[in-house]
Amino acid sequence: MKKIGFLSFGHWTPSPQSGTRTAADALLQSIDLAVAAEELGADGAYFRVHHFARQLASPFPLLAAIGARTRNIEIGTGVIDMRYENPLYMAESASAADLISGGRLQLGISRGSPEQVIDGWRYFGYQPAEGENESDMARRHTEVLLDALRGEGFAKPNPQPMFPNPPGMLRLEPYSEGLRERIWWGAGSNATAVWAAKLGMNLQSSTLKDDETGEPFHIQQAQQIRAYREAWAQAGHARTPRVSVSRSIFALMDGRDRAYFGGSRDESDKVGYLDEKTRAIFGRSYAAEPDKLIEQLKQDEAIAEADTLLLTVPNQLGVDYNVHVIESILKHVAPAMGWRE
């Protein structure tokens, strides 16, 4: 059995060919898709966060709205760039969204990916401390967030407060119990996956990672997951961690599917450089009739290692079509893979 959700980047563009032409469209359609996905029996609705782009950017209003409209589906991010975040304000916002949803928030965070602008986090008022780089800053923000989510008091109370205080040092409010265990780190390398395990975060691994061995993407990703789980065991955490991978998977069921994805030649991994030093590998997409798709997916070692699969969806094709994409996997692929009964 495997949890299956969707991951949307929330793209929007004023092009006449787009079904998502404004920021309002992207937000409202995201809510509608999450509601429909829950009705289908999907397990999660996850959203990417990008700044300075025509994509979803501020996750907590969206997650809270989805939490209020749904009852069972997990709601999450994949991922929030911690270079941009005030970790204490983020802890308050995340806790509020989690409480609204009844404890269903799965918060994916990370160092972030290549940006639309140069050092965009500087416009948000952040800069690395002396001796840090931007990745160090993201990890520092993350550790502050994790500490705040423990719910322990750390702030000295005013001796003459406007309202009565509980005894002792004060914590951030609202506090959502259990949210600390539902934080995920989006790891782009084996080393950051190991770091996440040591801090007790779940693991999100996308379709992009550092090319560390030259092997096919799914093999490198499976190795990353195994390294993460080994580090988790060595750290001695009491609970069992969760691991998600994301994939572009399309079952060709009808003429629309074949028109959109049937001619895809994206059946192999791609290798390139994210910057001057970072060689990266981008995993292949899958698009085929269900029987062929099932055989292809059985060869993917990383999907087999993960407990959660996030289906990346082409959100600009509209809510109805994306419901069809998700339903096709849930009904015609997942049972044969042993992911559903």
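**Close-up views of cavities, a pocket, salt bridges and a surface patch**

**View 1. The second largest cavity and its lining.** In this predicted model, the second largest cavity holds about 60 Å³ of space. Its lining is made by S8, A26, Q29, S30, L33, N315, G318, V319 and N322, and the elements that give two or more residues to this lining are helix 1 (23–40) and helix 10 (319–332). Helix 1 supplies the largest share, with four residues. By class, three of the lining residues of the second largest cavity are nonpolar and six are polar, while no charged residue takes part.

**View 2. The largest cavity and a network of salt bridges.** The count of cavities of 30 Å³ or more comes to three, and in the largest cavity lies about 90 Å³ of space. The residues that line the largest cavity are R48, V49, H50, H51, D81, R83, Y84, G112, S113, P114, E115 and Q116; by class, they divide into three nonpolar, five polar and four charged. D81, R83 and E115, which are among these lining residues, also belong to a network of salt bridges that links D81, R83, R111, E115 and E134.

**View 3. The second largest pocket.** The space in the second largest pocket amounts to about 210 Å³. Its lining consists of 14 residues, and those that lie nearest the centre of the pocket are P59, F60, E85, Y89 and S93. Two or more residues of this lining come from each of helix 2 (59–69) and helix 3 (87–101). In terms of class, the lining of the second largest pocket has nine nonpolar residues, four polar residues and one charged residue.

**View 4. A salt bridge between helix 6 and helix 9.** Side chains of opposite charge can pair when their charged atoms come close. In this view R229 and E305 form a salt bridge in which the closest N and O atoms are 3.2 Å apart. Because R229 lies in helix 6 (residues 217–235) and E305 in helix 9 (residues 301–305), the pair ties together parts that are 76 residues apart in sequence. R229 is partly exposed, its relative accessible area being 29%, and E305, at 23% relative accessibility, likewise counts as partly exposed.

**View 5. The salt bridges K209–E212 and R256–D254****.** The count of salt bridges in the model comes to 23, and two of them are shown here. The side chains of K209 and E212 meet with an N to O distance of 3.1 Å; K209 has a relative accessibility of 2% and therefore counts as buried, whereas E212, at 40% relative accessibility, counts as partly exposed. In the other pair, the side chains of R256 and D254 meet in a salt bridge with an N to O distance of 3.2 Å. R256 is partly exposed, with a relative accessible area of 40%, and D254, at 22% relative accessibility, is also counted as partly exposed.

**View 6. A nonpolar surface patch.** F52, Y123 and F124 make a nonpolar patch of about 360 Å² on the surface. Of these residues, F52 has its place in the loop between strand 2 (44–47) and helix 2. With a relative accessible area of 41%, F52 is partly exposed, and this value is over the 30% relative accessible area that is required of residues in a patch.

Methods. Residues numbered from 1 in each chain as written. Predicted model: local features only at pLDDT ≥ 70, side-chain atom pairs only at ≥ 80, totals over all residues. Heavy atoms only, no water. 1 Å grid on protein atoms, 1.4 Å probe; cavity = no way out; pocket = protein on both sides within 12 Å on 5 of 7 lines; lining within 4 Å. Points joined across faces, edges and corners; volume = space filled by probe spheres on them. Nonpolar A, V, L, I, M, F, W, Y, C, P; charged D, E, K, R; others polar. Salt bridge = Lys/Arg side-chain N within 4 Å of Asp/Glu carboxyl O. Buried < 20%, exposed > 50% of the residue type's maximum accessible area, 1.4 Å probe, protein only. Patch = residues over 30% accessible without salt bridge, like charges linked within 9 Å, V, L, I, M, F, W, Y side chains within 5 Å. Areas by Shrake-Rupley, 256 points an atom, 1.4 Å probe, with all protein chains shown as cover.
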